[in-house]
Structure formats: structure tokens, C-alpha cells
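Me: I'm new to reading protein models, and I'd like a close look at one part of this one. Could you pick a residue inside it and walk me outward from there?

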Amino acid sequence: MGGRSVRVWARAVAGTGLGALSALAAAVVLVPLAVLLPLAAADRGRRLLRRALRPLERVERWRLAALLDIETVGDPGPARVLAYLAVRCPVGLFGGLVLGFFLPAGVYLALSPLGVLDGNPVGIVPFGLALVCMGVQAIVGLVGTERWLARRLLGPSRRDLLEERVVELTASRAGVVTAVDRERRRIERDLHDGLQQRLVLVGMALGRARRDPGSAGGRELVDQAHREVGNAIRDLKEVAWRVYPAVLAESGLAAALDGLAARSELPIRVSCGPLAGVPPAVETAAYFVVAEAVTNTVKHAGASGVDVSVGRKGDAVAVLVRDDGAGGADPSGSGLSGLAGRVGALDGRLTVDSPAGGPTTVAAVLPCG
């Protein structure tokens with residue numbers, strides 16, 4: 001542990017010293033670069049500014065990562081790099097002052113009473129130690145300031161991105177659990193209000209027919225039971241499709257979307273591009289995005305038709321559902337928020353654009369990696 005602390009302090013001192021030199025170089029370079037600032041609004045000016053700042057930016061990123069353990073990612077643009085270099089100049093120069101004056105002066109005053117140097121009185125030692133402590137605290141503060149400036153102006157660190165990713169995954173996991181629970185309750189309601197009621201009617205009709213099997217009324221009751229069995233089978237298929245359409249696993253997403261369009265009350269125009277190599281989980285999420293969006297359109301939009309487009313977009317699958325209804329869809333509603341959780345669990349993005357008066361567009365991007 002002690003050896004590691006020594007290495008950390010040695011790197012901090014080296015990083016502060018190199019930072020003083022880079023701040024001095026930046027101060028010399030930034031004065032002529034100020035001439036390019038009025039040109040930064042144009043593309044050519046930004047390219048010239050970026051090219052001029054690139055060497056200093058690379059040195060700074062290497063110094064921060066190698067010596068101060070501050071690793072930044074992303075491309076902040078020339079304006080933010082220039083702001084970082086300008087704001088860091090006094091910080092770096094102050095670090096040079098600490099290393100060039102406070103610490104050497106403190107060490108000198110603390111050791112001079114030993115007779116090795118000037119033989120100063122012992123009473124000077126506390127002042128030397130105070131200067132050393134001030135120098136150490138100054139280096140700690142400088143490293144913290146460097147980290148703050150780098151994260152705000154050069155870009156987030158990998159640790160920041162990792163923490164943000166953990167927060168996103170935690171939220172998406174909670175969203176998936178909520179969506180699954182909501183879907184389970186909806187299936188239970190469909191089974192109770194639809195299928196169960198029809199089976200009760202079948203049982204009642206057959207019970208009454210048994211009491212008078214040969215009469216015309218008994219035959220009518222048997223016919224009624226037969227019709228209700230057919231309706232129950234249809235309802236059961238509908239519930240099964242909402243749970244997971246078998247055709248999706250057997251024939252793929254295009255066939256499942258064609259089946260969804262055939263069963264819909266509204267005309268659905270489906271355009272599905274090649275989806276070779278798309279994982280089953282992504283196909284399933286894409287299907288349910290379309291199914292939920294179509295269900296919302298049928299129930300609330302008053303539309304005359306729906307356009308569905310699904311296809312590859314680089315390493316992702318893009319889903320677009322657009323209707324010509326009245327608009328006003330609420331993304332925080334149970335159906336769309338559940339979809340957002342399902343899509344978010346796959347690192348995807350779901351957007352809903354539904355102004356009053358329409359049209360409503362539901363778009364999802366689902367990474368395949």
C-alpha cells in the first residue's frame with residue numbers, strides 16, 4: 001500500500017510539473033490562436049482551429065491519463081478544447097509555482113538547521129513544514145481541479161460513462177419488470193373477461209341441453225355451445241398472439257407482421273427489409289413495438305390506416321409506425337412506457353411524436369450487438 005501511494009504521489013508531482021510546462025506552451029500558442037476565433041463560426045475556421053489545437057490536446061489527454069489517472073473520451077470540438085486550455089493555463093502555472101517555490105522552500109527551511117545547508121535556527125523548521133504541507137495540499141487541490149476541468153470541457157471519463165450506464169441499466173431493468181407485470185395483468189384480465197366467460201356460457205348451454213337432449217331447444221343450445229367454443233378458440237389465439245406469436249419463431253418477423261396486418265381492424269401497409277442475422281430478442285422487441293403501436297392506433301387514434309416500416313440501419317434494426325389519426329398519444333401511458341422499458345432493456349431507443357391533430361409516429365432503434 002505504501003509503495004502504491006509513493007507511485008501515485010510521484011505521478012501526481014510529475015503530472016503537475018508537465019502540466020506547468022504545457023500551460024506555459026498553451027499560453028504562448030493561445031495568443032495567436034485568438035485571431036482564429038472570429039473564423040470559428042465557419043467550417044473552414046473550425047477545421048483550422050482544430051488542426052492548431054490538436055497537438056496540445058493530445059499532450060493534455062496523455063498527461064491526464066498517464067500521470068493523473070484522468071481518462072477522458074469523446075470529441076468536445078475546438079471551442080471547448082480552446083476553453084479548456086485557456087482556463088487551465090493559470091492552474092498549470094500555479095502548479096509550476098508550487099513545485100518551483102513552495103515545496104523547495106519548505107524542504108530547505110525544514111532541513112537547514114541540520115548544518116548541512118546554512119545552519120538556520122531550529123525555530124525555522126515549523127515554517128518549512130508548513131510550506132511543505134501547503135505544497136502537498138496544493139497538489140491535491142490541483143489534481144482535483146484538473147479532473148473537474150477535464151470532465152467538464154474535454155469530455156466525461158470512462159468511469160463517468162460506466163456509472164451512467166449502470167444507472168440506465170438499473171432503470172431499464174425496473175422498467176422491464178414493471179412492463180412484464182403489467183402485461184401479465186392484462187393477459188389475466190383478457191382470460192377472465194373473454195375466454196373464461198365464453199367457457200362458462202358453453203358449460204351452461206350444455207348443462208341445459210342435457211336436461212332436454214332430444215328437443216329443438218336442446219339442439220339449439222348445443223349449437224350455441226358450439227359457436228361459443230369457436231369464439232373461445234378465437235379469443236385464445238388472440239391472447240396467444242399477444243403473449244408470443246408462434247409464427248415469429250417459425251417464419252420470422254416479416255411473416256409475423258403480415259399476420260398482424262391480416263388480423264387488424266385497420267389497413268396496415270407493411271414494409272420489412274432483409275433481417276438476416278438479427279437476434280431473436282431484437283425481432284421480438286420489434287414485433288411488440290409494432291403490435292402495441294397498432295393497438296393504440298385502433299383504440300384511440302381514429303385513424304384510417306397505418307404504415308409500418310422495419311429494416312436494418314447499420315448494426316441496428318429501425319422500426320417506424322406512422323398513422324394518420326388524431327394524435328395526442330401519451331408516451332408515459334402504460335402501453336408506450338412498457339414498450340420503452342422493453343426497448344431500453346436491449347440498449348435501444350424509443351421515441352413518440354404525436355402532436356395534437358396527428359399524425360402519430362412511433363420510432364424505435366434496436367441494436368443487434
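Reply: Sure, let's start at Val-310 in this predicted model. Leaving aside its neighbours within four places in sequence, Val-310 is in contact with Leu-253, Leu-257, Ser-271, Cys-272, Gly-273, Leu-275, Val-290, Val-317, Ala-318 and Val-319.

Now step back to the core around it. Val-310 belongs to the largest nonpolar core, which has 36 residues. Together with Tyr-287, Val-290 and Val-319, Val-310 is one of those that touch the most other members. Several elements each supply at least two residues of this core: the helices α8 (253–263), α9 (280–301) and α10 (334–344), plus the strands β2 (306–313), β3 (316–323) and β5. The largest share comes from α9, with 11 residues. There's also a second, separate core of 29 residues, and Val-81, Leu-103, Leu-131 and Ala-138 are included in it.

Let's go back to one of Val-310's contacts, Cys-272. Cys-272 is partly exposed, at a relative accessible area of 26%. Buried would need a value under 20%, so Cys-272 at 26% doesn't count as buried. Another cysteine, Cys-133, is partly exposed too, with 48%. As for disulfides, the structure holds 0 of them.

Next, follow β5, which also feeds the core. This strand covers residues 360–367, and Thr-361 sits in it. Is Thr-361 buried or exposed? Its relative accessibility is 14%, so Thr-361 counts as buried. The side chain of Thr-361 makes a polar contact of 3.2 Å with the side chain of Arg-322. If you skip neighbours within four places in sequence, the contacts of Thr-361 are Leu-320, Val-321, Arg-322, Thr-351, Val-352 and Asp-353.

Asp-353 deserves a second look: its bridge partner in β5 is Thr-361. That pairing is part of how β4 (residues 349–353) meets β5: the two strands run antiparallel and are joined by 5 bridges. They form a hairpin with 6 residues between them, and in the turn Gly-357 has a positive phi of about 95°.

Finally, zoom out to the whole chain. You'll find 10 helices and 5 strands. Of its 369 residues, 36% count as buried. Among contacts between residues at least 6 apart in sequence, 69% join residues at least 24 apart. The chain exposes about 20700 Å², and carbon and sulfur atoms supply 62% of that area.

Definitions and conventions. Residues are numbered from 1 along each chain as its sequence is written. This is a predicted model: local features need pLDDT of at least 70, side-chain atom pairs count only at pLDDT 80 or more; totals for chains, interfaces and linings use all residues. Side-chain values use heavy atoms; hydrogens and water are left out. A disulfide is a pair of cysteine sulfur atoms within 2.5 Å. Buried means under 20% relative accessible area, exposed over 50%, partly exposed in between (1.4 Å probe, protein chains only). Helices (H or I, at least four residues) and strands (E, at least two) are DSSP runs, numbered from the N terminus. A polar contact is a pair of N or O atoms within 3.5 Å; within protein, one must be able to donate a hydrogen and the other to accept it, and residues adjacent in sequence count only if both atoms are side-chain atoms. Contact means heavy atoms within 4.5 Å. Accessible areas come from the Shrake-Rupley method with a 1.4 Å probe; for residues, only the protein chains shown count as cover. Two strands pair if DSSP finds at least two bridges between them. A nonpolar core is a set of buried Ala, Val, Leu, Ile, Met, Phe, Trp, Tyr and Cys residues joined through side-chain atoms within 4.5 Å.
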